[in-house]
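Reader: I'd like to learn how to read helix packing and aromatic pairs in a model. Can you walk me through it?

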Amino acid sequence: MSKFVHLHIHSEFSLLDGANRIKDLPKRAKELGMDAIALTDHGVMYGAIDFYKACKAEGIKPIIGCEVYVAPRSRFEKEPNIDNKYNHLILLAKNNEGYKNLSKLVSLGFVDGYYYKPRIDLEILEKYKEGLICLSACLAGAVNQALLNGQNEKAEEIALWHKKVFGEDYYLEIQNNGLQEQVLANQKLVQLARKLDIPLVATNDAHYLKREDAYHHEVLLCIQTGKRMSDMDRMRFETDELYVKSQEEMIEYFKAFPDAIENTVKIAEQCNVEFEFGHTILPNYDVPEEFETHYDYFKKLCEDGIQKRYGEHPSQEILERMEYELDVIQRMGYVDYFLIVWDFIHYAKTHHISVGPGRGSGAGSIIAYAIEITDIDPMKYGLLFERFLNPERISMPDFDVDFCYERRQDVIDYVAEKYGHDHVSQIITFGTMAAKMVIRDVARVLDIPYSEADSLAKMIPNELHITIKKALEQNKELRDKYENDETVKKVLDIAMGLEGMPRQASTHACRSGYYQRAS
C-alpha cells in the first residue's frame, strides 16, 4: 500500500506548462510503488479520460481533479489589472457526483468566466461543492498569497470560508519545491492549520516526471511565452524540484508533519470516480405520433427513400442490402443517430444550405444514400457497408458532412435549438508539436540561428506522422550531424523530449458533437 500519494500533478494538457505525458504518469507511480495518482491540470480536464484509462491499464487508481483559476471578484467581472489576477485552487473528485460538479465548474470557467484564463468564483464553487475535496493549492493560492503579503487575518478569513463550505474535505497544502517563498509559506500554513483545526496535506506540484527533465520544462515555458533561455526576464521556476518524487523523498522532507503525508493516502482512499465505456447515449429524436417506435419511423423513411432512389420496384439485391443494414443499425443501437443526422441534413437541404455529397466510410451505406444523408450510390461503386458499421468492431459511426461555410452556423443553431443547447457541443482539437515545428521552436529558444534551425528541420522527411527518431533512422546526413555536432544533438534531444505534446487548443474546423447531459 502507498504511504504517500501525489495529489497535485500537471500533464501535457496544462498546455506548454506541464511536461508530464499522460501515459507516463501511472507507469512512474507504479515504478515508485504507489497505487494511486491524481491529475490536476490548470483550468481544464482535457486529459481526464485518457488518464483514467492509462491508470486502469497499469492497475493504478486514477484521481480526477483540476487546479482551477479563481476570479478575485465575480467570474463575470473582467476589468484590466484587477480581474486578470486570479488565484489557484485544487479540486479533486471523490465520486461521480463530484466529477460532474467539477466538470460543471470547469465548463462555467470557460463559458462565463474566461478572461485570460477560464475562471470560476466563490459563488459557483459553493454551489457545486458536493463530492469534491479542496486543497489550498500552490504559492498562487489565495491563502498563500495573503500569508506572503503579511495579511494573516485575510488568510484566516479565506481558509475559514473554505472550511465552512467543504468541512473536513478542505486541506491546507504544503509543498517541497525548493523555493524560498515556499519555506516561509509552509511555516505560516502549519501555524494556520493548527490554529483553525484544518488538516495539512503534502504535495509537490509536479510539472515533469524526473529531476533531469527540468531543463526540458524550462524550454517548454520559453516556447509558451515566446522567450529565449538567454532572456533575463523570462518566466522561470528557479527550481528543479517540480517532478514526481518518490514516497521516500516526500516522507523524508515532511517527517516533522507525518499527518500531511498520511492525509494524501486518506484522500486517495476517498476518491473513487468510475467511468463506464462501451455505450453511447444520444439525445432523443421525437418521431411522429403515428409511429410506435423510432425504428418504425426510421424503416419507413428508408423504404420511401429506396423507392425514390431506385424506383418503385428495386431489385432483390438492393432490398436485401437495405434489410441487412437496417438490422445492423438496429442491433447496434444507432437508429437515433441516423435520425438525428438525417434531420439536420434534411433541414439544410430544405433551407437552401449547400450540403456535400458525403465522404469517408459513411458513403458505403445504402440507408444513408436512401434517406439522402449522402448522395453517392454504394451499389454503383461497390462500396462496403462494413467499413462504416461492423457488429464485430463496436465503434460510434461517423458521417463526414460538409456544409456551406457561410451558413454552417445556421445548421449548428438549428441542432442546438431542437435538441437543447446543453446537448450540443463543438469538438476540441489540439495542435501538437510535430517534428519540424518542435525543432524550430527549440532552436529559437536556444538562440540557434534561424538558417541553421531551418536547415535542420528540412532534413526531416515530408512524411505523415514522421518522428525525429524515425527521421534519424532514415536520413544518414541528419544522423551524422546528431552524432558529431553537440549543438545539433542538444537541440534534437530536447525536441524529442517535447515532440508530440499539445501546443494549443482550438475548435475543430468541421465537427460538432451530440451528447446526453449527465444529470
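Author: We'll take helix packing, then aromatic rings. This is a predicted model, where local features need pLDDT of at least 70, side-chain atom pairs count only at pLDDT 80 or more, and totals for chains, interfaces and linings use all residues. Residues are numbered from 1 along each chain as its sequence is written, and side-chain values use heavy atoms, with hydrogens and water left out.

Reader: Okay, how do I read two packed helices?

Author: Two packed helices are described by the angle between their axes and the distance between the axes. Helices here are DSSP runs (H or I, at least four residues), numbered from the N terminus. Axes are lines fitted to C-alpha atoms over the stretch in contact, and angles run from 0 to 180 degrees between N-to-C directions. Take H17 (residues 435-445) and H18 (residues 450-457): their axes come within 9 Å and cross at roughly 160°. That makes H17 roughly antiparallel to H18 (over 145 degrees; under 35 is roughly parallel, 65 to 115 roughly perpendicular, the rest oblique).

Reader: Which residues of H17 and H18 meet?

Author: Lys436, Ile439, Arg440 and Ala443 in H17 meet Tyr450, Ala453, Asp454, Leu456 and Ala457 in H18, contact meaning heavy atoms within 4.5 Å. Those residues split into six nonpolar, no polar and three charged (Ala, Val, Leu, Ile, Met, Phe, Trp, Tyr, Cys and Pro are nonpolar; Asp, Glu, Lys and Arg charged; the others, Gly among them, polar).

Reader: At what angle do H8 and H21 pack?

Author: H8 (residues 214-225) and H21 (residues 486-498) pack at about 80°, with axes 10 Å apart. That makes H8 roughly perpendicular to H21.

Reader: Now the rings?

Author: A pair of aromatic rings is described by the distance of the centres and the angle of the planes. Rings of Phe, Tyr and Trp (its six-membered ring) pair if their centres lie within 6.5 Å; planes under 30 degrees apart are stacked, over 60 edge-to-face, the rest tilted. The structure holds 26 aromatic pairs. One of them, Tyr310 with Tyr369, is edge-to-face, at 5.8 Å centre to centre and 65° between the planes. Tyr310 lies in H11 (residues 294-310) and Tyr369 in H14 (residues 366-370), so the pair ties together parts 59 residues apart in sequence.

Reader: Is Tyr369 buried or exposed?

Author: Tyr369 is buried, with a relative accessible area of 10% (buried is under 20%, exposed over 50%, partly exposed in between, with a 1.4 Å probe and protein chains only). Tyr310 is buried too, at 19%.

Methods:
Helices (H or I, at least four residues) and strands (E, at least two) are DSSP runs, numbered from the N terminus.
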